[in-house]
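Notebook open, coffee poured. I want to look up a few things in this chain and jot them down as I go.

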Amino acid sequence: MDLNQNYKTGHVKPWWTDEYKNLEFIQKPFNNEEDLKSWKEKGYILKECIGWNYIVKDDEWARPFFTLFNGNNTGVTIFKMNTADILPLHRDTYKFYKSKYNINDETIYRAIVFLEDWKSGHLLEVENELQHNWKAGDYVLWKNDAIHMAANLGLESRYTAQITFTYEN
């Protein structure tokens, strides 16, 4: 996949309704202890879990996410950030993903698809550029090492589909 910069934006026509709001989300601890330690040293007051996850397996309504970017080894997680959930600047490590597929960083891509229109206080920053005012179906796609952050400083939950895949030129 050829990106002129470390990320790009785009749009897909939403096919989903609000079924994602009723998923059985779980909290999993953030998997990079070094980042957690660094953020706490910088003064962030963080919960060990920074959002709620639902790993998509065979959910009929979500199947199209697996083919959106024509990648390989695609994994899809629906991510819910409640009010005051923050994920400070970081680069993803893809620990589980890399071990599952035995791959290296250079072929990994990640996309965030917004499941709802932007609401005040919902934030995503990628490579020092703030993303806001999105519409349902807008996405941000980045190479494996793009620096980014997300936060929900608003009053309503923020829902996204996180799609991880490999692509070799």
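**Helix α1.** I started with the side of α1 turned away from its buried face, and there I found the exposed residues Glu-33, Glu-34, Lys-37 and Glu-41. For these notes, exposed is over 50% relative accessible area, buried is under 20%, and partly exposed is in between (1.4 Å probe, protein chains only). Helices are DSSP runs of H or I with at least four residues, strands are runs of E with at least two, and both are numbered from the N terminus.

Which residues of α1 are buried? I get Asp-35, Leu-36 and Trp-39, in a helix that covers residues 33–41. Looking down the axis of α1, I see these buried residues within an arc of 100°, so they line one face of the helix. The arc is taken from the directions between the helix axis and the C-beta atoms. The buried residues of α1 pack against β5 (86–90).

**Ground rules.** I have to remember that this is a predicted model, where local features need pLDDT of at least 70, side-chain atom pairs count only at pLDDT 80 or more, and totals for chains, interfaces and linings use all residues. Residues are numbered from 1 along each chain as its sequence is written, and side-chain values use heavy atoms, with hydrogens and water left out.

**Whole chain.** I count two helices and eleven strands. In sequence order the pattern reads β-β-α-β-β-β-α-β-β-β-β-β-β. The radius of gyration is 15 Å, close to the 15 Å from the globule rule for 169 residues, so the chain is as compact as a globular protein of that length. That radius is over C-alpha atoms, and the rule is 2.2 Å times the number of residues to the power 0.38. Along the principal axes, the C-alpha atoms fill a box of roughly 40 × 35 × 30 Å.

I also looked up burial: 46% of the 169 residues count as buried. Of the contacts with a separation of 6 or more, 78% join residues 24 or more positions apart; contact means heavy atoms within 4.5 Å.

**Glu-24.** This one sits in the loop between β1 (7–11) and β2 (26–27). Is Glu-24 buried or exposed? It is exposed, at 70% relative accessible area. Setting aside neighbours within four places in sequence, I find Glu-24 in contact with Asn-53 and Tyr-54. From Glu-24 to Trp-52 the C-alpha distance is 9.3 Å, with their positions 28 residues apart in sequence.

**Two asparagines.** Most residues other than glycine have a negative phi. Asn-70 goes against that habit with a positive phi of about 55°. Asn-70 is in the loop between β3 (52–55) and β4 (72–81), and counts as exposed at 63% relative accessibility. Asn-73 also has a positive phi, near 55°. I place Asn-73 in strand β4, where it is partly exposed at 29%.

**Tyr-101.** Where is Tyr-101? It belongs to helix α2, residues 95–101. Tyr-101 is partly exposed, with a relative accessible area of 25%. Beyond its neighbours within four places in sequence, Tyr-101 is in contact with Asn-73 and Thr-74, which takes me back to strand β4 for Asn-73. My last check was Tyr-101 against Thr-166: 65 residues apart along the chain, with 9.6 Å between their C-alpha atoms.
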